[in-house]
Amino acid sequence: MLANVDSAAFAVFLALFILVTGMGFVASRWRKPETLAHLDEWGLGGRKFGTWITWFLVGGDFYTAYTVIAVPALVYAVGAYGFFALPYTIIVYPFVFAVMPVLWKVAKERGYVTAGDVVRGAYGSRGLELAVAATGVLATMPYIALQLIGMEVAIKALGLHGEIPLVLAFLVLALYTYSSGLRAPALIAFVKDIMIYIVVIAAIAIVPSKLGGYGAIFTAADAAFAAKGSGGILLSPAQIVPYASLALGSALAAFMYPHTLTGIFASSGGNTIRKNAMLLPAYTLLLGLLALLGYMGHAAGLKLASNNDVVPELFKSLFPSWFAGFAFAAIAIGALVPAAVMSIGAANLFTRNFWKVWVDPKVTPAGEAKVAKITSMLVKVGALLAILLMPTQFALDLQLLGGLWILQTLPALVFGLYLNWFSSTALLAGWAVGLAGGSWLAWSDGLKPLHTIDFGMGPVALYTGLLALALNIVVAVVVNLVLKRAPQERLSREAA
Amino acid sequence: MIRLLLLLPFIGLMIVPFYNIREPHLFGFPFFYWYQLAWVPLTSLLTYIVYRRLRRAG
């Protein structure tokens with residue numbers, strides 16, 4: 001197992017991994033509350049995270065290890081089209097600035113921990129609450145699996161083969177998340193993000209000087225795409241609408257996910273969130289430059305077995321081995337933070353909106369924390385088994401559907417913050433049609449994110465999730481209008 | 001009204017045909033790339049202006 005391992009790289013990697021593991025366990029004593037046996041403490045870190053901790057935590061779980069691997073891989077493969085992550089992670093912040101402080105306030109005042117809680121509070125509907133909660137859990141599972149893929153790529157690049165290293169890393173993660181809750185990823189996020197910043201700054205400063213500057217990198221990528229006959233450093237006319245719609249749809253979906261919402265709910269106030277909406281774009285700048293590593297792969301003339309290897313191979317070929325080890329550790333640790341927050345977000349949903357509602361309504365706060373801890377463990381084991389036993393493509397396809405699904409919770413979660421017009425029945429109908437219709441479209445297109453429609457001006461490909469959201473909203477409006485027209489019937493149903 | 005500034009990044013980035021071009025280059029970056037990267041600090045700045053105004057308004 002250790003035959004192909006570079007000892008300097010491995011030593012650096014192992015030392016950092018051990019440091020982070022220690023921090024994960026110590027985190028239970030960091031900003032220590034009277035008890036961790038309460039969901040507010042275990043699952044939201046006490047809702048007291050200020051601007052800096054929130055910045056590291058949300059940055060750490062929004063820009064994941066998989067991003068570091070997959071965005072440059074996509075750019076390497078298709079060129080300009082892979083950059084849709086850049087407009088996506090810019091326009092998401094004005095949205096966060098406007099909407100999330102309102103959501104935080106409602107959650108804080110009424111003690112809500114999850115999106116399901118918010119929806120139940122706004123509409124008093126157990127059906128809608130369950131729909132939102134189940135969507136959150138389902139959308140998160142494949143996202144955790146993707147983090148494992150990111151970690152697998154980093155571990156493999158180190159020369160470690162087989163599944164044992166991945167299983168060990170995950171076991172450690174599961175144990176400290178169990179004991180420390182959200183405090184563990186919040187504390188580890190500091191180390192992770194500083195490491196990622198060092199790696200990316202080194203890459204964007206040093207790699208171009210070895211490859212002849214940025215102009216040469218773009219020229220080399222341009223030539224590589226021309227030789228291949230597909231892709232390019234500009235979008236083709238057919239890619240323009242997909243590019244914009246993917247960016248917009250992804251931005252609207254991003255903060256509907258349980259892990260990003262957990263980061264929002266755990267912050268100390270609306271002002272903290274607003275400041276973060278101004279400061280978090282620093283990561284976006286990083287992401288944009290990171291994406292260029294895909295082009296650097298062409299300029300360096302890498303021959304890859306898989307597109308996902310572009311970042312690791314670039315580090316291996318252009319940096320000393322100890323720094324490559326540092327970079328791989330940054331990526332692997334970069335997988336731990338989001339995986340932990342995701343499993344906590346999913347566990348909070350299961351505990352609050354399923355266990356407490358349908359199984360044990362009298363559960364104590366300590367009981368809630370216990371159920372959540374066990375659930376977070378099971379969620380992670382499930383993701384691990386999915387990666388070990390099923391083809392990787394399966395996780396990728398599910399992740400694609402997950403984005404489409406989570407987007408369908410937006411009307412239920414956001415509309416009630418501003419309007420008192422929609423009924424829960426209408427929103428539930430919209431959710432069901434958006435979810436089923438969107439999944440069916442994606443399925444019939446062979447699990448591709450784009451659906452081609454013709455508005456009468458020639459065929460246009462659009463992000464299917466956005467199309468499903470439009471369908472969702474139209475159905476919700478129509479059902480609501482029909483219900484309003486039959487007030488007698490509605491009153492009698494509400495009384496029943 | 002000041003909140004409308006938050007819509008500018010959406011407009012600036014959704015009009016893809018406007019920036020899907022090579023020239024002018026900046027530091028070796030084609031326009032497509034540096035234009036979008038420029039929206040990162042610009043969006044932060046716009047958000048900051050809105051934030052300041054809202055705080056002063058209480």
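1. Welcome to this structure; a good place to begin is its largest pocket, which has a volume of about 1,300 Å³. Here a pocket is an open set of points on a 1 Å grid over the protein atoms alone, where a 1.4 Å probe fits and protein lies on both sides within 12 Å along at least five of seven lines. The volume is the space filled by probe spheres set on the points, which are joined across faces, edges and corners.

2. Before going further, please note that this is a predicted model, in which local features need pLDDT of at least 70 and side-chain atom pairs count only at pLDDT 80 or more, while totals for chains, interfaces and linings use all residues. Residues are numbered from 1 along each chain as its sequence is written, chains are lettered from A in the order in which they are written, and side-chain values use heavy atoms, without hydrogens and water.

3. Back to the pocket: 39 residues line it, a lining residue being one with an atom within 4 Å of a point. Nearest the centre lie Y66(A), L74(A), F84(A), Q399(A) and L400(A). Helices α4 (65-78), α5 (85-110), α7 (126-157), α11 (240-254) and α19 (392-407) of chain A each give two or more residues to this lining; a helix is a DSSP run of H or I with at least four residues, numbered from the N terminus. The largest share, eight residues, comes from α4(A).

4. By class, the pocket lining has 26 nonpolar, 11 polar and two charged residues. Asp, Glu, Lys and Arg count as charged, and Ala, Val, Leu, Ile, Met, Phe, Trp, Tyr, Cys and Pro as nonpolar, with the others as polar.

5. Now look at where the chains meet. Chain A brings 32 residues to the contact and chain B 29 (heavy atoms within 4.5 Å). Together they bury about 2,900 Å², 78% of it on carbon and sulfur atoms; this is the accessible area (1.4 Å probe) lost on being put together, summed over both parts. In chain A, I90(A), L234(A) and M278(A) lose the most area to chain B.

6. One salt bridge links chain A and chain B: D222(A) pairs with R22(B), with the closest N and O atoms 2.8 Å apart. The term asks for a side-chain nitrogen of Lys or Arg within 4 Å of a carboxyl oxygen of Asp or Glu.

7. Finally, within chain A, D117(A) forms a salt bridge with R352(A) at 3.0 Å. D117(A) sits in α6 and R352(A) in α17, so the pair ties together parts that are 235 residues apart in sequence.

Technical notes:
Buried area = accessible area lost by both parts, 1.4 Å probe.
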